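Reader: I am new to this structure and would like to be taken through it with care. Could you show it to me, so that I can ask about its parts in turn?

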Amino acid sequence: MKNKTPKKSQGGETHQTNENGYEMLTTNQGVQISDNQNSLKSGARGPVLLEDFVLREKIFHFDHERIPERIVHARGSAAHGYFELYESLSDITSADIFQRAGEKTPLFTRFSTVAGGAGSVDTPRDVRGFAVKFYTKEGNWDLVGNNIPVFFIQDAMKFPDLVHSVKMEADRGYPQAASAHDTFWDFVSLMPETSHMIMWAMSDRGIPRSFRTMEGFGIHTFRLVNAKGKSTFVKFHWKPKLGLQSTVWDEALKLQAADNDYHRRDLYESIEQGSYPEWELGMQLFDQRKADSLPFDVLDPTKLIPEEVVPVRIVGRMVLDRNPDNFFSETEQVAYCPANVVPGIDFTNDPLLQGRLFSYLDTQKSRLGTANFNQLPINAPKCPFGNFQRDGMMQTQVFKGRANYEPNSLNMANEETGPRECPVTGFRSFSGRPDQDEQGDRLRIRPESFADHYSHARLFYQSQTANEQAHIASAIVFELSKVTLAHVRARVLANFRNVSEDLASRVANGLGMALPNKAPSAHPVQDMKPSDALSIQKNMKETLEGRCVGILIADGSDANALTKLKKEIKKAGGSFNVVAPKVNGVVLSDKTSVAVDGQLAGTPSQLFDAVAVILTQAATTQLLKEAAAIQWVMDAFGHLKAIGYAEEALPLLEKAGVVKGEGVTTLRDFVSASMKRYFNREPSVRILA
Ligand code: HDE
């Protein structure tokens, strides 16, 4: 970009302009570069000279551009934003971020898939990471959660095994970003504590429509501690403003081909367009008495507390309103850590959480190469900070004076003494009376209170709509159909019989297998009261906000109908993309030319939430011979989306097998129809398990 005025670079030094008014191109030593096109040779066709420090420096730096990717959650997308508190929580916590209603705290949020590498796709069936770094006035607080409120395992000891089993298989190097393979299901089948999370991962929660339509959860029970030292247990929730939305499995699979970056693009573009993704922060707050009254252990991360039992109190909102300037510097280098807490927020004895408190710092030293990664701008607190940690690779701070130890009496020699501890305001770990279990012998065992592995899985299954239950059963059929070890399939089914006989027999039927004997359960399975909050379909919003309509047109399409439709979509808060056989513009019925956002073959309908088809009779006749056009409407129908049509386009719909009815409407009724999916249609388009 042309830049006539000297501009500050990131390093802080002033860039001068060259003779043409552009920022000067220099080496890392600040030496101006005269030619960035050719290496230095001995003669025009001669060998390149070793003395070419400009070439050597450029290639050297390029050679080292990559850093190790995260061992899990490698593929992620992030944005800046703020948290705004609705009401003071000073009676519950002394955390500065929760003191003053209306106050905003800057933050950086990264969403991720878990299993795939950094270059994998956005829409596999997987858990999504949901990590928030709050830059509070009293230091950084990281709430490092997922879009599922429970976890696969109860003890950090099993995490490396879990991750090894789900990642690509060790000898063959595949499958990438997929849980549908032998080793994962082998591990699952041998670890019944995974049952609850498996239900979530196999439900539509595992294939979200976008980051901005997923919930987030802190999972573990944490503590809030007030100024008087009183502790309250808390489970954190993020509730998306747009409600919950997911894709259907066939759509998620096809999205992997249509757009690798479907979720990343959605996040980036919605922020660029000013429709800022937003979530409300909720807290389930409860005390020890409540915890003791529950039929499960609140320290067990494979359990959740139904919202009907402990309500979610909404305390503030998160708005993501700024894209990163640089993907690597920010999204890649950000280092979240559940151990980053501030005064007023503390841990519990959840054994999974305790293991995490070690892991993140450790892995980040390996990933970012130095113990000084906290000095990177994205990781540094925005409040003052200082201590006597010194040196190390890539130290960027230039410390003054001799005080690099404490205590010191350098003040008596009129020298700086450096920082001192804060006995009153500093972080103090919660020191409540440990209960009996914490004082016992040293044991490598699971507490008896963690033994119920099936009741919560059953609760989840029973809280779903009939359509969602069918999705879970079908997803498990799909996954197990990729498992080649028959004994693993049988063991999974034997476990599922404890979750739900209905589910187990649907899966067995879908696989064409006989039901194996029920696996013994270490604990009697309880029937809990179903919770509507666990279903996506019961928590969807009928809205066009955050949704995008694909409009298929071709030469001659009705200009009035198109203008009217665009206006109505905008008025309803939605957006649209115009799709046509030719990308360079379409001449409409009134001879005006309209810009096209996507070419038909490269812009399939799975990219949209609803579709409209505005074609002349002639264009329709032509497109009857175009598979991409037929597939476009066929998929929209199969993916349960609203379809709006101009009468002339009907033959295309008919050829695609689209049946008029709910959600398939003329353009007049289309916009109100486009605000939801038509799950009732599903039995007519696919045989679910
Ligand atoms: Fe993580 N996890 N995790 N995890 N996790 C990492 O840290 C780990 C767990 C989560 O966007 C790693 O910087 C252990 C639960 C997110 O940068 C690593 C255990 C939850 C992210 C690590 C867990 C999470 C990570 C890899 C079991 C939900 C991405 C790279 C004891 C509450 C953060 C890194 C980002 C990343 C360890 C279990 C969420 C290896 C040992 C439960 C969102 O340190």
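Author: This is a predicted model, and one residue makes a good place to begin. Arg-356 has 21 other C-beta atoms within 10 Å, and since a residue counts as buried at 20 or more such atoms, Arg-356 is buried.

Reader: Which helix holds Arg-356, and which residues beyond its sequence neighbours is Arg-356 in contact with?

Author: Arg-356 is found in helix H9. When the neighbours within four places in sequence are left aside, the residues in contact with Arg-356 are Ala-156 and Pro-338.

Reader: Which element gives the most residues to the shell around the ligand?

Author: The elements that give two or more residues to that shell are strand E4 (104–113), strand E5 (128–136), strand E6 (139–146) and helix H9 (351–368). Among the 24 residues around the ligand, those that come nearest are Arg-70, His-73, Gly-129, Ala-156 and Ser-359. The element that gives the most, with seven residues, is H9.

Reader: How many residues of each class, nonpolar, polar and charged, are in the shell around the ligand?

Author: The classes are counted over the shell around the ligand, which has 24 residues. Sorted in this way, the shell holds 11 nonpolar, 10 polar and three charged residues.

Reader: Is Arg-110 buried or exposed?

Author: Arg-110 lies in strand E4, and the UniProt annotation "binding site", from an unreviewed entry, covers Arg-110 together with Arg-70, Phe-159, Arg-356, Tyr-360 and Arg-367. Not counting residues up to four places away in sequence, Arg-110 touches Gly-76, Ala-78, Gly-129, Ala-131, Thr-331 and Val-334. Because 23 other C-beta atoms lie within 10 Å, Arg-110 is buried.

Reader: Which helix gives the most residues to the largest nonpolar core?

Author: In soluble globular proteins, nonpolar side chains tend to be buried together. Here the largest nonpolar core has 98 residues, and those with the most contacts inside it include Met-197, Met-199 and Met-318. The helix that gives the most to this core, with six residues, is H4 (residues 195–202).

Reader: Which helices do the buried residues of H5 pack against?

Author: In helix H5 (residues 249–258), the buried residues are Glu-251, Ala-252, Lys-254 and Leu-255. An α-helix has 3.6 residues a turn, so residues three or four places apart point the same way. The buried residues of H5 pack against helix H6 (262–272) and helix H16 (627–638).

Methods: Residues numbered from 1 in each chain as written. Predicted model: local features only at pLDDT ≥ 70, side-chain atom pairs only at ≥ 80, totals over all residues. Buried ≥ 20, exposed ≤ 12 C-beta atoms within 10 Å, placed from the backbone. Helix = DSSP H or I, 4+ residues; strand = E, 2+ residues; numbered from the N terminus. Contact = placed C-beta atoms within 7 Å. Near = placed C-beta within 6 Å. Nonpolar A, V, L, I, M, F, W, Y, C, P; charged D, E, K, R; others polar. Core = buried A, V, L, I, M, F, W, Y, C linked by C-beta atoms within 7 Å. UniProt positions renumbered as here; feature names shortened; annotations may be inferred.
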